[in-house]
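Work through the exercises below with the sequence and the structure side by side. Try each task yourself before you read its solution.

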Amino acid sequence: MRIFISTGEVSGDLQAAMLVESLFSLAKEKGIDLEIVALGGDRMEAAGATMIGKTTRLASMGLIESIPFILPTLQLQKRAKESLRSNPPDILILIDYVGPNVAIGSFAREALPDLPIVYYIGPQVWIWSEENIPSASLRAKAERLFNTKKLIEITDRLLAIFPAEERFFKAKGLPVTWVGHPLVDRMADPPKRLEMRQKWGIREEETAIALLPASRQQEFKYLVPTVCAAARQLQDKLTDVRFLIPVPLALYRPRMEELVKEYGLNATILERDQTLEAIAAADLAVAKSGTVNLEIAMLNVPQVVVYRLSPITAWIARNIMKLSVPYVSPVNLVLMREIVPELLQEEANTERIAAECLDLLLNTQRREKMLLEYAETREGLGTVGTCDRVAREIFQMVGKQ
């Protein structure tokens with residue numbers, strides 16, 4: 001059996017790598033000689049996929065921010081199309097990464113009309129569903145932005161990780177299965193707080209704060225310096241504090257080291273694979289919006305969510321595209337209410353970030369309320385075994401074919 005998987009971003013690489021492991025495990029159980037060819041990142045390669053290109057360095061969010069990555073992304077798409085044409089797989093799996101993946105899927109649907117196409121972890125266009133956004137025009141804009149019509153045309157089955165995602169695409173007439181969130185598998189045996197504090201030499205009376213503000217290059221320009229400045233304010237106000245900073249890609253480490261030195265932070269810079277350890281050891285986390293917010297919630301650590309785009313992109317979104325969303329953090333999106341504070345764009349400034357952090361560290365009642373609501377969030381993510389369920393769905397589709 002030959003499977004082609006396409007994904008992007010650091011989080012997509014992580015989720016795809018977990019699926020790759022489950023696919024190989026199921027293939028071994030069934031006595032199938034399996035080959036997985038992929039666009040993705042280092043985690044997928046370590047899991048056994050044969051990479052035809054790396055996409056994790058090409059991640060961007062926003063209109064202006066994506067411009068430097070257009071040509072490299074198109075080149076990787078061309079490579080993917082050549083691979084599909086010259087050595088057709090038994091199934092194509094598209095994971096998140098909606099723009100490039102819809103382009104690859106559209107090519108496959110035309111060139112290989114009988115090839116089954118599965119979309120796993122669909123784009124978050126479901127945030128703009130009728131139950132969340134009353135404005136029909138706003139919903140239509142969001143669907144055009146995410147190319148939802150084309151996605152539905154090329155997809156044979158969508159495997160949803162959120163219940164609201166399943167409801168949205170099912171209402172559009174697309175065959176959908178809710179499989180649960182893969183992070184439930186990743187957190188089945190999480191690192192323990194006391195063990196991680198001992199590992200990093202964090203004393204009982206010491207306050208540990210995990211800083212996770214970046215997985216994309218653009219965030220080192222628009223977000224990370226502001227988070228470091230807020231961390232400096234916290235360091236000046238708290239008597240005994242240490243920052244734990246996992247770096248998602250090795251190429252970002254030199255810049256992170258420069259910023260830590262520039263702001264004079266008492267910080268330990270960790271590797272990507274130590275992200276969960278850093279969170280588990282922490283009393284608080286400051287994180288960009290994304291999958292990491294769910295990891296923090298599942299480790300029961302209070303958090304402040306922050307994000308900033310370029311001012312030009314933000315202006316275009318507000319004034320020309322007139323887009324707005326109820327929430328951006330998946331922790332809030334699961335229940336569609338504010339569980340964690342979101343500081344976006346102008347609100348993601350040094351003073352606000354530091355103030356929210358101090359309040360969460362000192363306000364016991366607010367911390368306890370957030371932790372109680374985390375439990376509700378976890379219930380909406382499904383049960384252990386997501387990646388195995390996805391693998392079985394995929395093998396079943398190939399078997400039918």
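The exercises that follow concern a predicted model, and each is solved step by step.

**Exercise 1. Describe the chain as a whole: which secondary structure does it contain, and how does its radius of gyration agree with that of a compact globule?**

Begin with the elements: the secondary structure of the chain comes to 19 helices and 13 strands. Next, consider the dimensions, for the C-alpha trace spans about 65 × 50 × 40 Å along its principal axes. A compact globule of 401 residues would have a radius of gyration near 21 Å, and because the chain has 21 Å, the two agree. Finally, turn to the interior and the contacts: buried residues make up 58% of the 401 residues, and of the contacts with a separation of 6 or more, 70% are between residues 24 or more positions apart.

**Exercise 2. Determine how helix α1 and helix α19 pack, and which residues make the contact.**

Start with the geometry: α1 (residues 9–30) and α19 (residues 386–400) pack at an angle of about 60°, with their axes 8 Å apart. Angles of 65 to 115 degrees would count as roughly perpendicular and those under 35 as roughly parallel, so α1 is oblique to α19. The crossing of α1 past α19 is right-handed. On the α1 side, the contact is made by Met18, Leu19, Ser22, Leu23, Leu26, Ala27 and Lys30, while α19 contributes Cys387, Asp388, Val390, Ala391, Arg392, Ile394 and Phe395. Sorted by class, the contact has 10 nonpolar, 1 polar and 3 charged residues.

**Exercise 3. Decide why helix α14 can be called largely enclosed by the rest of the structure.**

Look first at the residues of α14: Thr291, Val292, Asn293, Leu294, Glu295, Ile296, Ala297 and Met298 are buried. That is 8 of the 8 residues in this helix (residues 291–298), so α14 is largely enclosed by the rest of the structure. Just after α14 comes Asn300, which takes a positive phi of about 60°.

**Exercise 4. For Asp96 and Gln345, find the loop and decide whether each is buried, partly exposed or exposed.**

Take Asp96 to begin with: this residue, which is not a glycine, has a positive phi near 50°, and its place is the loop between β4 (91–95) and α4 (98–111). Its relative accessible area is 26%, and because buried means under 20% and exposed over 50%, Asp96 is partly exposed.

Now take Gln345, also not a glycine, whose phi is positive at about 50°. Gln345 is found in the loop between β13 (342–344) and α17 (350–362). With a relative accessible area of 12%, Gln345 is buried.

Key
Residues are numbered from 1 along each chain as its sequence is written. This is a predicted model: local features need pLDDT of at least 70, side-chain atom pairs count only at pLDDT 80 or more; totals for chains, interfaces and linings use all residues. Side-chain values use heavy atoms; hydrogens and water are left out. Axes are lines fitted to C-alpha atoms, for helices over the stretch in contact, and angles run from 0 to 180 degrees between N-to-C directions. Helices (H or I, at least four residues) and strands (E, at least two) are DSSP runs, numbered from the N terminus. Angles under 35 degrees count as roughly parallel, over 145 as roughly antiparallel, 65 to 115 as roughly perpendicular and the rest as oblique. A crossing is left-handed if the near helix is turned anticlockwise from the far one by less than a right angle, and right-handed if clockwise. Contact means heavy atoms within 4.5 Å. Ala, Val, Leu, Ile, Met, Phe, Trp, Tyr, Cys and Pro count as nonpolar, Asp, Glu, Lys and Arg as charged, and the others, Gly among them, as polar. The radius of gyration is taken over C-alpha atoms; the globule rule is 2.2 Å times the number of residues to the power 0.38. Buried means under 20% relative accessible area, exposed over 50%, partly exposed in between (1.4 Å probe, protein chains only).
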